[in-house]
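Please open the structure in a viewer and keep the selection tool at hand. The tour proceeds stop by stop, naming what to select and then describing what is found there.

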Amino acid sequence: MKIKVIPVSSVDFLKFGRYYNMKDGTKDTAITKGKSFTDVRTISPLINSIGNLGFTLGSKLPSKTYKMERHLHTQEALFCLSDSMIITIAIGSGNEHPLASDVEAFILSPGEVVVLNKGVWHDACHGVGKAVYYYWMATEREDVEDEWVDISPGPVEVYI
């Protein structure tokens with residue numbers, strides 16, 4: 001199965017979680033301007049638990065996604081930094097594995113952030129034309145192991 005990437009800003013992201021534009025501001029952000037800076041922050045806490053900060057290097061597109069993970073104990077925020085990145089996700093729907101028919105792919109531009117709801121399946125993010133670094137925030141616990149589970153039927157190929 002092949003799916004085309006669409007801009008995250010072009011959809012209602014609520015079924016997956018929340019979307020923020022930290023570069024331009026959105027309704028859930030506040031902007032402060034000083035003589036030498038402009039600051040944009042979220043109005044409410046980013047995730048609903050104490051979060052750990054992670055830093056990942058994702059491979060470049062094109063890619064085939066064979067497996068996804070989900071977190072039933074935490075939300076996960078993903079931060080696009082200086083290079084655009086692709087996030088491949090699928091709604092949880094109570095399934096024990098992600099369904100290829102539920103998989104969607106979105107491109108995030110620098111300054112955009114998504115916060116995935118608990119239970120949303122996702123792959124590692126991928127870069128456009130080159131590998132991409134990104135930050136993420138989620139609650140990491142030693143007693144919880146998040147499994148990577150096969151997409152059924154898989155794989156799903158993501159393209160721009």
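Begin by selecting leucine 57, which lies in strand β6. The model shown is a predicted one. Leucine 57 has a relative accessible area of 48% and is therefore partly exposed, since that term covers values between 20% and 50%.

**The nonpolar patch**

Extend the selection from Leu57 to Leu53, Phe55, Leu81, Tyr133 and Tyr135. Together these six residues make up a nonpolar patch on the surface, with about 600 Å² of accessible area. Two elements, β6 (52–58) and β15 (132–138), each give two or more residues to the patch. Which strand supplies the largest share of the nonpolar patch? That strand is β6, with three residues.

**The five-stranded sheet**

Next, display the strands of the sheet to which β6 and β15 belong. Five strands form this open sheet, in the order β3-β12-β9-β15-β6, and their pairing is antiparallel. Why is one side of β3 and of β6 left without a neighbour in the sheet? Both β3 (17–21) and β6 stand at the edges and have a single partner strand each, so one side of each remains without a neighbour there. On average, neighbouring strands of this sheet are turned by 20° against each other, direction ignored.

Within this sheet, select strand β9 (residues 76–80) together with β15. The two run antiparallel and are joined by five bridges. One position to inspect is leucine 78, whose bridge partner in β15 is tryptophan 136.

**Lysine 130 and its surroundings**

Move now to lysine 130, in the loop between β14 (126–127) and β15. Lysine 130 counts as partly exposed, at 46% relative accessibility. Which residues does lysine 130 contact, leaving aside its neighbours within four places in sequence? They are Lys60 and Asp83.

With aspartate 83, the side chain of lysine 130 meets in a salt bridge (3.6 Å, N to O). This pair links distant parts of the chain, 47 residues apart, with aspartate 83 placed in the loop between β9 and β10 (85–90). Aspartate 83 is partly exposed, with a relative accessible area of 29%. For a contrasting view, add serine 101: its C-alpha lies 27 Å from that of lysine 130, and the two residues are 29 apart in sequence.

**Further salt bridges**

The count of salt bridges comes to five. Select glutamate 104 and lysine 15, whose side chains meet in one of them at 3.0 Å, N to O. Glutamate 104 belongs to strand β11 (residues 103–108), while lysine 15 is in the loop between β2 (6–7) and β3; the pair, 89 residues apart, links distant parts of the chain. Glutamate 104 is partly exposed, with a relative accessible area of 25%, and lysine 15 is also partly exposed, with 48%.

Then select arginine 141 and aspartate 143, which form a salt bridge with their closest N and O atoms 2.9 Å apart. Arginine 141 is partly exposed at 38% relative accessibility, whereas aspartate 143 is exposed, with a relative accessible area of 60%.

**The three-stranded sheet**

For the last stop, display β1, β17 and β7. In that order, these three strands form an open sheet with mixed pairing. The edge strands, β1 (2–4) and β7 (63–65), each pair on one side only. From one strand to the next, the twist averages 35°. Strand β17 (residues 156–159) runs antiparallel to β7, and three bridges join them. To finish, select lysine 64, which stands opposite glutamate 157 in β17.

Definitions and conventions: Residues are numbered from 1 along each chain as its sequence is written. This is a predicted model: local features need pLDDT of at least 70, side-chain atom pairs count only at pLDDT 80 or more; totals for chains, interfaces and linings use all residues. Side-chain values use heavy atoms; hydrogens and water are left out. Two strands pair if DSSP finds at least two bridges between them. Helices (H or I, at least four residues) and strands (E, at least two) are DSSP runs, numbered from the N terminus. Axes are lines fitted to C-alpha atoms, for helices over the stretch in contact, and angles run from 0 to 180 degrees between N-to-C directions. Patches are made of residues with over 30% relative accessible area and no salt bridge: like charges are joined within 9 Å, nonpolar side chains (Val, Leu, Ile, Met, Phe, Trp, Tyr) within 5 Å. Accessible areas come from the Shrake-Rupley method with a 1.4 Å probe; for residues, only the protein chains shown count as cover. A salt bridge is a side-chain nitrogen of Lys or Arg within 4 Å of a carboxyl oxygen of Asp or Glu. Buried means under 20% relative accessible area, exposed over 50%, partly exposed in between (1.4 Å probe, protein chains only). Contact means heavy atoms within 4.5 Å.
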